[in-house]
Every structure is written in C-alpha cells, then in structure tokens.
Amino acid sequence: MDLALFGLHRGRGTEPETLVRRARAAEEAGLESLWVGDHVALPTRAGKDHRLEAVVVVGFLAAVTSRVRLAIGVVVLPQRHPVLLAKQLSSLDILTGGRLTVGVGAGYVEEELAAFGVPLTERGARTDDHLAAMRAIWRGETSYEGRFVSYAGVAQWPPPVQRPHPPIVVGGHSPAALNRAARQGNGWFGWDLELAETGVMLASLRRAVRTEERPARLGALEITVAPKERLRLDVARRYADLGVHRLVLRARPGETFEKLIAGAGDALVGRV
C-alpha cells in the first residue's frame, strides 16, 4: 500500500520555506505522493482559511522535489475552463517528469460555484463535459462539441509525458461520483472515511463498475482513501484488506506536519 500526505498548501504551508521543508521531508520519509485540495473562493462563514491555489502549488512543489508524486485531490472541475486546465496540467506533467495525478470532483460549495457562474444543479453535467473535453485535447483531437464547452481548429503541444494523459482520480461519495469513477476514472478518492464506511463505498463502487460497463482500457480502479481515524499500522492493514491501494494522511488538530511525517516514516512506510 502507498502512503500519501494531504494539505501541505494550507496554514503555515503558505510560507515558502515551510512548504519546501515539509515537502522534502515527506519525500525523504518515503511517502509516495503529496496531495493538495482545490478551493478558490470559500464562503465568508468559513473564516480565514489560508491555502495556496492548487495548480500553482503543484508547480512549486515540482521544482523542489524529484521523486514523490504530486496530486491535485481534487480539482473542482466545473469552475475551471477545460481547455486552459488541460494545458496547465500537461505543463505540470512535463515539469514533474510524469509525476502528476489529477483528481477531479464536481464540487459542493454553492457560493464558490456561483462565483464562477456555475449553478449547483449543473455541476455534475459540467464535470462530465469538461473531463471529456480535456481528454479530447490530450488525445490530439482538434475539435470538440459539448453541452457547455466546444472548440474547433486548435491543438495543444507538447502533450503530457504520461500517455494518453496523467491518471484521473474521481472524488466523491454520491452515486453520480461513483458512476463517473467507474466509467471514466483511473482511480477513485474517498474522503474522511472510517473502515466500515470504506467497505460500504467500495461495495457500491464495485456495483457501479458492473453497471457502467467500465472500459477495459482503463484497467482496474486504483482506490485512494483519506481515513477518518488516526492511522496505526494495524488500522492501515485493515484498509489494505478492504482493497485500498493508497491512504492519504493529514495532520490532526494539535499535530504538526513534521510529527506526522516522521511518525509515518518510522511506523508505516514499507510496513503496510
């Protein structure tokens, strides 16, 4: 099982020196990937939640690491223009030497989506359309006609290092998200799940794979979970027994990233 780290781009991680130090420590500790979330404009009721923009911070991390994979988990796809985002992600894949993983989701914060002119009721349809448009341009197709986006007579070069594109990990727990993962994803990302919840979600995901007639070219779904409970070795092994391929760790209240990284390196990496 792979172990990953979420959230270096928030709080004190907005300080460049702190972000560099923690990213390099995670890489040296043997963590497989660093994941950053995507919120661009949160409601004022959320308070002052300091965080860096996901695409920008992955580009920064690409320059200060050399081995660890870098993942956006997950980009709120309906509020991003897919032609621009496809170019940004291709560039990141090149600059990381093929270390990029792209998580996508439909979003859930109504005020944030509204700031981009996206009605909450359209977020799922826009996600599917935007993802199809990005796949098309990555394949080198010079035209695309969708419900919300279209282009014609254009192309993007150079293509991503990973072909046909970086791995697409679909986030979300709704039936629509599970169906999207089964139909279009290289992987699925479950957030803040207990062991029992993970088992239920994976059973639903397996049903979705059968129902959606998953294309053979996508292979088996890679399962990523951010566990709700504080992770111990025995708990990590129980997630692995359920079929989870990657666990994403995050700092709990009162816990520093330095302590989390050191603890994972000593007690978990290479033992699950």
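Where does glutamate 213 lie? In this predicted model, the residue sits in the loop between helix H7 (195-212) and strand S9 (222-227), and the views below begin there.

**View 1. Glutamate 213 and aspartate 192 have positive phi values although neither is a glycine.** Phi of glutamate 213 is near 50°, and this residue is exposed, with 67% relative accessibility. Aspartate 192 belongs to strand S8 (residues 187-193) and has a phi of about 60°. At 28% relative accessibility, aspartate 192 is partly exposed.

**View 2. Threonine 65 is a buried loop residue.** Come in to the loop between H2 and strand S3 (69-76) to find threonine 65, whose relative accessible area is 8%. A polar atom of its side chain lies 2.7 Å from the backbone oxygen of leucine 61. The side chains of threonine 65 and arginine 99 share a polar contact of 2.9 Å. Beyond four places in sequence, threonine 65 also touches residues including Ala23, Glu27 and Leu70.

**View 3. Leu89 belongs to the largest nonpolar core.** This core has 66 residues, and Leu5, Leu89, Trp188 and Leu231 touch the most other members. Helix H2 (residues 54-64) gives the most to this core, with 7 residues. Once neighbours within four places in sequence are set aside, leucine 89 is in contact with Ile72, Leu100, Val102, Met134 and Trp138. Another core, of 9 residues, lies apart and includes Phe6, Trp35, Ala71 and Phe189.

**View 4. Cis peptide bonds precede valine 74 and proline 164.** Glycine 73 is joined to valine 74 with omega about 0°, and valine 74 lies in strand S3. For arginine 163 and proline 164, omega is about 5°; here proline 164 is in the loop between strand S6 (150-152) and strand S7 (168-171).

Note on methods:
Residues numbered from 1 in each chain as written. Predicted model: local features only at pLDDT ≥ 70, side-chain atom pairs only at ≥ 80, totals over all residues. Heavy atoms only, no water. Core = buried A, V, L, I, M, F, W, Y, C linked by side-chain atoms within 4.5 Å. Buried < 20%, exposed > 50% of the residue type's maximum accessible area, 1.4 Å probe, protein only. Helix = DSSP H or I, 4+ residues; strand = E, 2+ residues; numbered from the N terminus. Contact = heavy atoms within 4.5 Å. Polar contact = N/O pair within 3.5 Å; in protein donor to acceptor, adjacent residues only side chain to side chain.
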